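Thanks for coming. I will go through one structure today, starting with its packing and ending with its sheet. Please have the sequence and the model up.

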Amino acid sequence: MIRAGRLKYAQTMADLAAQLGMPLGTFRNKKPHTQQGHPAPISSPTSRALLWDSEQTKAFHAGQPVPALPNVDDDEDLLDRHEAAAELGVTPASWNKYKSDPKLAAHVVLVPEEDGTEHWPRRVVREYKADRPGRGAGGGRRTGSGDMIPRDEILPRIAELLDDNPAITLTEVADTLGIAKFPTAQAGLAQLRGRRIADLVEATTELTPLEAAERLGYPTVTHRGAATIAEAELRIRRTRPYLQQVADALAEAGVAEPVQVEARQLADEHLAAAVPLAAGQSSPALVWDERYGWRTATSRRHPIGKDAGTAPEGEGIRYLGSGTRPEPAELLEALADGRKGSKRPKA
């Protein structure tokens, strides 16, 4: 979060790279912010756009003592979507629905000011929580409403149980944490097992996902489902370096926002990802689909859209580059020249 009165010190990854005289792509590759003693980001750990306090980073890189930040919550602290959701006691996905309420929308603060990450003053979130209809004084979860712990804590808590007992059952997870057996415990346990299988397969390449599931001690009945999740996770990890390379190149050229690209699997099991473009570009975002390559998008909020099994076409959609993985330079050239590209992907 951005502590009260410290908005002027909020620093993006691009700002920090510029402060160090380093291109953004080089910064991402060298990761100087991960060196020992470097000030931690002030943004949520799960935030896609990391922020730092510039007073802290300047002091660190000058070899001076790093000043401490206030550690007491203040009504004027600025919270990102994850922190605001936690304050309200809902998931980030639910917060995305609530934030359009005029009581919240009127107070949103973008960091940086143009096309930045949304933040809200803590007092505004607290006031909204107290006034939520049907929730009673102070808001919060209703008794018997389902999961008894905040959504953001569910996966970490399940992970702890899985560490202690790889063969833990859905019933044990649900009863221990006070969450719904279906779908909460089921989805969380499968997701974590899938990720850990993927970790083991990456570390021990001769293993198949099913063999990794067995080695990890997971119940036989869970092997196939967890292995399927692991296979999707491995595909995403193998794709991520290319997507990040493109995103970094676009950001360095000033045509896109600096982001950590997140690929996701669509309903028909194909991968897709989106990169938001900077203000002033002819399209709000670029979308990559492993079947069709890169295209422009017509929506910034939902650039990928719902997968219909066919290549999207229509006004505002232009397929760019040759093949499904063109070089960043080719994409930049196509973006700069509206005559390049096609209305549908090349066969």
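Which residues have the most contacts inside the largest nonpolar core? They are Ile158, Val173, Leu177, Ile179 and Ile197, in a core of 25 residues. Bear in mind that this is a predicted model.

As for where that core comes from, five helices each supply at least two of its residues: H8 (151-164), H9 (170-177), H10 (181-203), H11 (209-215) and H12 (223-252). The most comes from H10, which gives seven residues.

Take Ile197 as an example. Leaving aside residues up to four places away in sequence, Ile197 touches Pro209, Ala212, Ala213, Leu216, Tyr218, Ala226, Ala227 and Ala230. There is also a second core, separate from that one, with 22 residues. Among them are Tyr242, Leu320, Ala334 and Leu335.

Now the sheet. It is open and has three strands, ordered E3-E5-E4, with antiparallel pairing. Why is one side of E3 and of E4 left without a neighbour in the sheet? Strand E3 (78-79) and strand E4 (109-111) are at the edges and each has a single partner strand, so one side of each has no neighbour there.

Looking at E3 and E5, residues 117-121 make up E5, and two bridges join this strand to E3, the two running antiparallel. Leu79 has Trp120 in E5 as its bridge partner.

Last, what packs on this sheet? Helix H7, residues 122-131, does, and touches E3 and E5. The direction of H7 makes about 70 degrees with that of E5.

That is what I have; questions are welcome.

Terms used: Residues are numbered from 1 along each chain as its sequence is written. This is a predicted model: local features need pLDDT of at least 70, side-chain atom pairs count only at pLDDT 80 or more; totals for chains, interfaces and linings use all residues. Side-chain values use heavy atoms; hydrogens and water are left out. A nonpolar core is a set of buried Ala, Val, Leu, Ile, Met, Phe, Trp, Tyr and Cys residues joined through side-chain atoms within 4.5 Å. Buried means under 20% relative accessible area, exposed over 50%, partly exposed in between (1.4 Å probe, protein chains only). Helices (H or I, at least four residues) and strands (E, at least two) are DSSP runs, numbered from the N terminus. Contact means heavy atoms within 4.5 Å. Two strands pair if DSSP finds at least two bridges between them. Axes are lines fitted to C-alpha atoms, for helices over the stretch in contact, and angles run from 0 to 180 degrees between N-to-C directions.
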